[in-house]
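This report introduces a structure to a reader who has not met it before. Please look over the sequence and the model before reading on.

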Amino acid sequence: MHPQSSERRIQRIRHELRHREVTVANVQHLSADMVRITFSGETLADFVSLSFDDHVKFTLTTADGDTVRRDYTPVAFQAEACTLAIEFALHGHGVASSWARAAQPGQQAIISGPRGSMVIPQDYAWHLLVGDSSALPAIRRRLQELPIGAQVVAVVHGQPSTPPDSFACDDTLTMHWVSDADALLHTVAGLTLPDGEGFVWAAGEASSMRALRTLLLEAKQLSKHQMRVAAYWKQGSSDFHERLDD
Ligand SMILES: Cc1cc2nc3c(=O)[nH]c(=O)nc-3n(C[C@H](O)[C@H](O)[C@H](O)COP(=O)(O)OP(=O)(O)OC[C@H]3O[C@@H](n4cnc5c(N)ncnc54)[C@H](O)[C@@H]3O)c2cc1C
């Protein structure tokens, strides 16, 4: 059992909810199943996102005039340029995914939030980041923010970017790319976690994340204070979000 430090605390910070009209400024394909869309707009001037775990509500209008809202991670924000990047997994079934696949510069959208941030300390003895393509943007942002020397293991069901990303913590990062949800669980099950107090952040499909959380609590003997596991989508459901903390 890894003891929980009384010094490391997750900070919860609320933000005033703002709805921002934005325009697609750039579309960049990172891999076969991921596109990064950079939005711009003066409305972003006071945008704040304090954690890789944050999400915004992305609102788009379909060709039929329907309004659709979905959750996405703010990946990169440039205050001076008033730009915000979001990375969309191209999973092939959803309205938001289809919108992103066809997105063109000049298109309009609305970005709301984030309403709040959970700021997870960076000074844990180790970090384990786990997820599928829906979680890869948050994992990528966390890897960009962690300092040189941070001990990190990442297990991702998805495809690496082309060209590959580079991070400050590259020398102490072990990255496992896996091809399906079973391999994700199997890889985590086979890890020997380093000594000291660590933290696990994980997100992905609901049943896969439930199984992962059980594995972390039972087989890995971690405490629930050492993890944040979330369902970012659920097979067969639209617009699903659940935090698995009970
Ligand atoms: C806090 C939070 C942050 C998120 N951040 C991101 C992010 O940065 N990038 C990102 O790509 N996604 C992210 N997601 C997940 C995204 O919100 C969902 O995948 C969403 O359902 C996509 O909307 P859609 O309109 O494309 O599909 P929906 O209309 O919601 O779903 C249609 C069908 O597609 C299936 N489906 C939905 N998502 C996926 C998927 N990822 N893979 C395979 N099948 C799927 C559903 O089960 C359903 O059958 C996040 C979710 C949460 C809760």
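The text below describes the ligand surroundings, the nonpolar core and some backbone details.

The model is predicted, and the ligand in it is surrounded by 26 residues, of which Thr 73, Ala 89, His 91, Gly 94 and Ser 97 come nearest. This shell divides into eight nonpolar, 13 polar and five charged residues, and at least two of its residues are supplied by each of strand 5 (67–72), strand 7 (83–89), helix 1 (95–102) and strand 14 (227–233). Domain 1 (15–116) and domain 2 (120–243) each contribute at least three residues to the shell around the ligand.

The largest nonpolar core has 54 residues, and those with the most contacts inside it are Val 130, Ile 139, Ala 154, Val 200 and Ala 202. Strand 14 gives the most to this core, namely six residues. Because domain 1 (15–116) and domain 2 (120–243) both give residues to this core, it lies between them. Leaving aside residues up to four places away in sequence, Ala 154 touches Leu 129, Ile 139, Leu 143, Leu 173, Met 175 and His 176.

Most residues other than glycine have a negative phi, and most peptide bonds are trans. The table lists exceptions in the backbone.

| Item | Value | Loop |
|---|---|---|
| Gly 113 to Pro 114, cis | omega near 5 degrees | Pro 114: between strand 8 (108–112) and strand 9 (116–119) |
| Thr 162 to Pro 163, cis | omega near -5 degrees | Pro 163: between strand 11 (152–157) and strand 12 (173–178) |
| Cys 82, positive phi | about 55 degrees | between strand 6 (74–78) and strand 7 |
| Gln 221, positive phi | about 60 degrees | between helix 4 (206–219) and strand 14 |

Cys 82 counts as partly exposed, with 19 C-beta neighbours inside 10 Å, while Gln 221 is exposed, with 10 other C-beta atoms within 10 Å.

Terms used: Residues are numbered from 1 along each chain as its sequence is written. This is a predicted model: local features need pLDDT of at least 70, side-chain atom pairs count only at pLDDT 80 or more; totals for chains, interfaces and linings use all residues. A residue is near a molecule or strand if its C-beta atom, placed from the backbone, lies within 6 Å of it. Helices (H or I, at least four residues) and strands (E, at least two) are DSSP runs, numbered from the N terminus. Ala, Val, Leu, Ile, Met, Phe, Trp, Tyr, Cys and Pro count as nonpolar, Asp, Glu, Lys and Arg as charged, and the others, Gly among them, as polar. Domain bounds come from an automatic or database domain assignment. A nonpolar core is a set of buried Ala, Val, Leu, Ile, Met, Phe, Trp, Tyr and Cys residues joined through C-beta atoms within 7 Å. A residue is buried if 20 or more other C-beta atoms lie within 10 Å of its own, exposed if 12 or fewer, and partly exposed in between; C-beta atoms are placed from the backbone. Two residues are in contact if their C-beta atoms, placed from the backbone, lie within 7 Å.
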